[in-house]
Amino acid sequence: MAVELVNPDGLPKPEVYRQLSIATGSRLVFLAGQVARDADGNPVGEGDLAAQVEQAYLNVGTALAGIGASFDDVAKLTIYVVDWSPDKMPSLGEGVSRAARKLGVDPVKPITLLGVAALGEPDLLVEVEATAVID
């Protein structure tokens, strides 16, 4: 695997993400933000943050599989959530967990979580952007 996840000494050790990743592959993959749309572009999980997170993560997995990579190759995620507040964390975690089970992966990655006023379309609650490293 080209990505080693680390929580170095001297920093907090969160359970839901790692502070950094060490990438040793030879190619960087920058994946556009993925949203709650199925393969035909239809909305998924209207008004349901957990369902939208799940679909966005599944779309990350699908995109990577399309180039012979997997979610395990992800070095970092950026997650944009509309009108973020801490009370949304359980729904975010639920969506990540459901997607991880379906993908058969450990979803723990370095993550930057950003609250935003809106995304590209009014029904979207979340967008997940990924950087991966592959050999």
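The largest pocket holds about 300 Å³ of space. A pocket here is an open set of points on a 1 Å grid over the protein atoms alone, where a 1.4 Å probe fits, with protein on both sides within 12 Å along at least five of seven lines; its volume is the space filled by probe spheres set on the points, which are joined across faces, edges and corners. The structure is a predicted model, in which local features need pLDDT of at least 70 and side-chain atom pairs count only at pLDDT 80 or more, while totals for chains, interfaces and linings use all residues. Residues are numbered from 1 along each chain as its sequence is written, and side-chain values use heavy atoms, with hydrogens and water left out.

Lining the largest pocket are 15 residues, and Val16, Met89, Leu92, Val96 and Ile111 lie nearest its centre; a lining residue has an atom within 4 Å of a point. Two elements, α2 (89-103) and β5 (111-116), give two or more residues to this lining, and α2 gives the most, with five. Helices (H or I, at least four residues) and strands (E, at least two) are DSSP runs, numbered from the N terminus. By type, the lining comprises 11 nonpolar residues, three polar and one charged. In this division Ala, Val, Leu, Ile, Met, Phe, Trp, Tyr, Cys and Pro count as nonpolar, Asp, Glu, Lys and Arg as charged, and the others, Gly among them, as polar.

Turning to the interior, the largest nonpolar core has 25 residues, and Tyr57, Val60 and Val128 have the most contacts inside it. Such a core is a set of buried Ala, Val, Leu, Ile, Met, Phe, Trp, Tyr and Cys residues joined through side-chain atoms within 4.5 Å; buried means under 20% relative accessible area, exposed over 50% and partly exposed in between, with a 1.4 Å probe and protein chains only. The elements that supply two or more residues to this core are β3 (27-34), α1 (49-65), β4 (74-82), α2 and β6 (126-134), and α1 supplies the most, with seven. Beyond its neighbours within four places in sequence, Val60 is in contact (heavy atoms within 4.5 Å) with Leu31, Gln34, Phe71, Val74, Val128 and Ala130.

Gln34 belongs to strand β3 and counts as buried because its relative accessibility is 17%. Its side chain reaches the backbone oxygen of Ala32 at 3.0 Å. Leaving out residues up to four places away in sequence, Gln34 touches Ala56, Asn59, Val60, Val126, Glu127 and Val128.

The loop between β1 (3-6) and β2 (20-23) contains Asn7, and Tyr17 has its place there too. Asn7 is buried, at 18% relative accessibility, whereas Tyr17 is partly exposed, at 28%. A polar atom of the Asn7 side chain lies 2.9 Å from the backbone nitrogen of Gln19. With residues up to four places away in sequence not counted, the residues that Asn7 touches include Tyr17 and Arg18, and Tyr17 touches Asn7, Val108, Lys109 and Ile111.

Two further loops complete this account. Gly68, in the loop between α1 and β4, is exposed, with a relative accessible area of 73%. Gly68 and Ile134 are 66 residues apart in sequence, and their C-alpha atoms are 9.0 Å apart in space. Asp83 is found in the loop between β4 and α2, and its phi is near 50°, a positive value in a residue other than glycine.

Methods:
A polar contact is a pair of N or O atoms within 3.5 Å; within protein, one must be able to donate a hydrogen and the other to accept it, and residues adjacent in sequence count only if both atoms are side-chain atoms.
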